[in-house]
Amino acid sequence: MVTILKRKVASSCTSITPQIDIVYGIPGPDRVFEATDILVVFGRELNVKKLLDS
């Protein structure tokens, strides 16, 4: 499974901790990922490894 996190626009140039603004659910097949998207992959270890190997 994959979900998408969107970063919040930094309000301070000294902030080094990423701030998450939006957490999307599982994206649909027509979802276009953006360069700034943070993808979170989760599931059984074996299945995640298969995804990473493909």
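The following legends describe close-up views of a predicted model.

**Figure 1. Overall architecture and confidence of the predicted chain.**
The chain comprises one helix and three strands, arranged along the sequence in the pattern β-β-β-α. Its mean pLDDT is 80, and 81% of its residues reach 70 or more. Among the elements, helix α1 (residues 45–53) has the highest mean pLDDT, 89, and β2 the lowest, 79. Of the 54 residues of the chain, 9% count as buried. Of the contacts between residues at least 6 apart in sequence, 46% join residues at least 24 apart. Zero aromatic pairs are present in the structure.

**Figure 2. The salt-bridge network of K6, R31, E34 and D37.**
The structure holds four salt bridges. K6, R31, E34 and D37 are connected to one another through a network of such bridges. Within this group, K6 is bridged to E34 with an N to O distance of 3.1 Å, and to D37 with the closest N and O atoms 2.5 Å apart. A salt bridge also joins D37 and R31, at 3.8 Å from N to O. In general, side chains of opposite charge can pair when their charged atoms come close.

**Figure 3. The bridge between K6 and E34.**
The side chains of K6 and E34 form a salt bridge of 3.1 Å, N to O. Because K6 belongs to strand β1 (residues 2–7) and E34 to the loop between β2 (20–24) and β3 (38–41), the pair ties together parts that are 28 residues apart in sequence. The two side chains are likewise joined by a polar contact of 3.1 Å. How accessible is E34, given as relative accessible area? E34 is partly exposed, at 46%, whereas K6 is buried, at 11%.

**Figure 4. The bridge between D37 and K6.**
D37 and K6 form a salt bridge in which the closest N and O atoms are 2.5 Å apart. D37 lies in the loop between β2 and β3 and K6 in strand β1, so this pair ties together parts that are 31 residues apart in sequence. The side chains of D37 and K6 also make a polar contact at 2.5 Å. Is D37 buried or exposed? With a relative accessibility of 12%, D37 counts as buried, because the cut-off for that class is under 20% relative accessible area. K6 falls in the buried class as well, with a relative accessible area of 11%.

**Figure 5. Surroundings of K6 in strand β1.**
K6 is located in strand β1. When neighbours within four places in sequence are left aside, K6 is in contact with Q19, I20, D21, I22, Y24, R31, E34 and D37. Of these residues, E34 and D37 are salt-bridge partners of K6. The side chain of K6 makes a polar contact of 2.5 Å with the side chain of D37.

**Figure 6. Surroundings of D37 in the loop between β2 and β3.**
D37 is found in the loop between β2 and β3. Leaving aside neighbours within four places in sequence, D37 is in contact with I4, L5, K6, R31 and V32. Which backbone atom lies 2.8 Å from a polar atom of the side chain of D37? This atom is the backbone nitrogen of E34. The relative accessible area of D37 is 12%.

**Figure 7. R31 beside D37 and Y24.**
The side chain of R31 meets that of D37 in a salt bridge of 3.8 Å, N to O. R31 also lies over the face of Y24, at 4.9 Å from the ring centre. R31 is partly exposed, with a relative accessible area of 28%. Both K6 and D37 have R31 among their contacts.

**Figure 8. Surroundings of V2 in strand β1.**
V2 is situated in strand β1 and is partly exposed, with a relative accessible area of 22%. How far apart are the C-alpha atoms of V2 and P27? These atoms are separated by 7.2 Å, although the two residues are 25 residues apart along the chain. Not counting residues up to four places away in sequence, V2 touches G25, I26, P27, L39, V40, V41 and F42.

Note on methods:
Residues numbered from 1 in each chain as written. Heavy atoms only, no water. Helix = DSSP H or I, 4+ residues; strand = E, 2+ residues; numbered from the N terminus. Buried < 20%, exposed > 50% of the residue type's maximum accessible area, 1.4 Å probe, protein only. Polar contact = N/O pair within 3.5 Å; in protein donor to acceptor, adjacent residues only side chain to side chain. Contact = heavy atoms within 4.5 Å. Phe/Tyr/Trp six-rings, centres within 6.5 Å; stacked < 30°, edge-to-face > 60°. Lys NZ or Arg CZ within 6 Å of the ring centre and 35° of its normal. pLDDT = per-residue confidence, 0-100.
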